[in-house]
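Subject: The structure we talked about

Hi there,

Here is the structure I promised to pass on. Have a look at it first, and then read on for my notes.

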Amino acid sequence: MNALPAYDPEQFSACAAAIADAAREFAAMGWTPATSSNFSMRMDDGDHVAITVSGRDKGRLGSDDIMVVDLHDHPVATERRPSAETALHTQIYRRFPDTRAVLHTHSRTQSVASRLFGREGRVRLQGWELQKAISGHTTHESTLDIPVFPNTQHMPELTARIDAWLDTGRPLHAYLIDGHGLYTWGRSMDEARRHLEALEFLLGCELDLRRLSS
Ligand SMILES: CSCCC(=O)C(=O)COP(=O)(O)O
Ligand SMILES: [Zn+2]
C-alpha cells in the first residue's frame, strides 16, 4: 500500500511557481546578487512551508530548487538542505499565523541602509505617502519603524533578538539585518511583494535624504 504524501503536491507546485516568478523579478532588479536571498510560502494551515534550497541562483529557480520544511525547520520528504536562514522564515509563520509569504533580499539599497541606520538600531519612516503600501498604515503621518538587528551566522541569536522585539508588543512588518539585507512578509505573496517594493523605495528615499542633507 502506498503511504499518503506528506503534503499536497498541487499546493507545493503552486507555491513553488509563485516563489520562482517573484524571485526571477527580484533578481532582474538586482536584489538577489550571487545566490543571496531566500523566499518561502506557507502551503497550508498545517505546518508545511515551501522554501528555497540553500545556495541556489534565485534568478533561475526551478521546482528542484524549492523544498518543504515544517514550522520547526525540519526538511519534509527530502534530503535537500533548506536556506541557511530557514529559522527566520519559520519564526515569522509561528509568530504571525496569517502570514503566507516571507521574502528576504540583499539589494544594494537595503545593504547600505542597514549599515548606516544600524548605528541607530532602526530606520524611522515618517511623512512618506508610500508608507500606505504597508498594511495597517493609512496615512503618511504614521510612524513606521524598521529595526536593524546585528548580523550573526548563529540563527538562534537572531531569532532571540526578533522575539525580544515582538515580545514588547511593538508592531513589526519588516526588519533589516546589519550589513546583510531585508526581511518582510505578507498575508499573500502579493502583499509581501508590495511590502518589499515599498520598503526598497522608502529606504532609497531615506538614503538620498541623508546624502543630500549632509
Ligand atoms: C551568498 S549570500 C549568503 C547567505 C545569505 O545571506 C542568503 O541570503 C542566501 O542563503 P541561502 O542559504 O538561503 O541560499
Ligand atoms: Zn541573506
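How many salt bridges does a search of the whole structure find? The search turns up 14. Please keep in mind that this is a predicted model. I will go through some of the pairs below, after the metal site.

The zinc site

The zinc ion (ligand 2) takes its protein donors from three residues: H104, H106 and H180, each through NE2. These donors lie 2.1 to 2.2 Å from the ion. Along the sequence, the donor residues follow the spacing H-x1-H-x73-H. One of them, H104, has 0% relative accessibility and therefore counts as buried, the limit being under 20%.

Salt bridges

Let me begin with a pair inside one helix. R24 and D21 form a salt bridge through their side chains, with an N to O distance of 2.7 Å. Both residues belong to helix α1 (residues 9-28), where they sit three residues apart, about one turn of the helix. Is R24 buried or exposed? Neither word quite fits: R24 is partly exposed, because its relative accessibility is 44%. Its partner D21 is also partly exposed, with a relative accessible area of 35%.

The next pair is R95 and D163, whose side chains meet in a salt bridge at 2.8 Å, N to O. This pair links distant parts of the chain, as R95 lies in helix α2 (residues 86-95) and D163 in helix α4 (residues 155-167), 68 residues apart. R95 has 33% relative accessibility, so this residue counts as partly exposed. D163, with a relative accessible area of 25%, is partly exposed. There is a further member to look for here: R95, D163 and D167 are linked in a network of salt bridges.

A third pair is D178 and R115, with a salt bridge of 3.6 Å from N to O between their side chains. D178 is in the loop between β7 (174-177) and β8 (181-186), while R115 is in helix α3 (residues 108-118), so the bridge ties together parts that are 63 residues apart in sequence. The relative accessible area is 25% for D178, which makes this residue partly exposed. R115 is exposed, with a relative accessible area of 55%.

Helix packing

Helix α3 also takes part in a helix pair. Its axis and that of helix α5 (residues 189-212) come within 9 Å and cross at roughly 55 degrees. At that angle, α3 is oblique to α5. The crossing of the two helices, α3 and α5, is left-handed. On the α3 side, the contact is made by T109, Q110, V112, A113, L116 and F117. On the α5 side, the residues are L196, E200, L203, G204, E206, L207 and R210.

A residue in strand β7

Finally, have a look at I177, which is found in strand β7. I177 counts as buried, because its relative accessibility is 0%. Which residues is I177 in contact with, leaving aside its neighbours within four places in sequence? They are L88, S114, V148, F149, P150, N151, L158 and Y183. As for F201, its C-alpha is 17 Å from that of I177, and the two residues are 24 apart in sequence.

Happy browsing, and write back whenever you like.

Best wishes

Notes:
Residues are numbered from 1 along each chain as its sequence is written. Chains are lettered from A and ligands numbered from 1 in the order in which they are written. This is a predicted model: local features need pLDDT of at least 70, side-chain atom pairs count only at pLDDT 80 or more; totals for chains, interfaces and linings use all residues. Side-chain values use heavy atoms; hydrogens and water are left out. Donors are N, O and S atoms within 2.8 Å of the metal (3.2 Å for Na, K and Ca); water is not among the atoms, so sites may look incomplete. Buried means under 20% relative accessible area, exposed over 50%, partly exposed in between (1.4 Å probe, protein chains only). A salt bridge is a side-chain nitrogen of Lys or Arg within 4 Å of a carboxyl oxygen of Asp or Glu. Helices (H or I, at least four residues) and strands (E, at least two) are DSSP runs, numbered from the N terminus. Axes are lines fitted to C-alpha atoms, for helices over the stretch in contact, and angles run from 0 to 180 degrees between N-to-C directions. Angles under 35 degrees count as roughly parallel, over 145 as roughly antiparallel, 65 to 115 as roughly perpendicular and the rest as oblique. A crossing is left-handed if the near helix is turned anticlockwise from the far one by less than a right angle, and right-handed if clockwise. Contact means heavy atoms within 4.5 Å.
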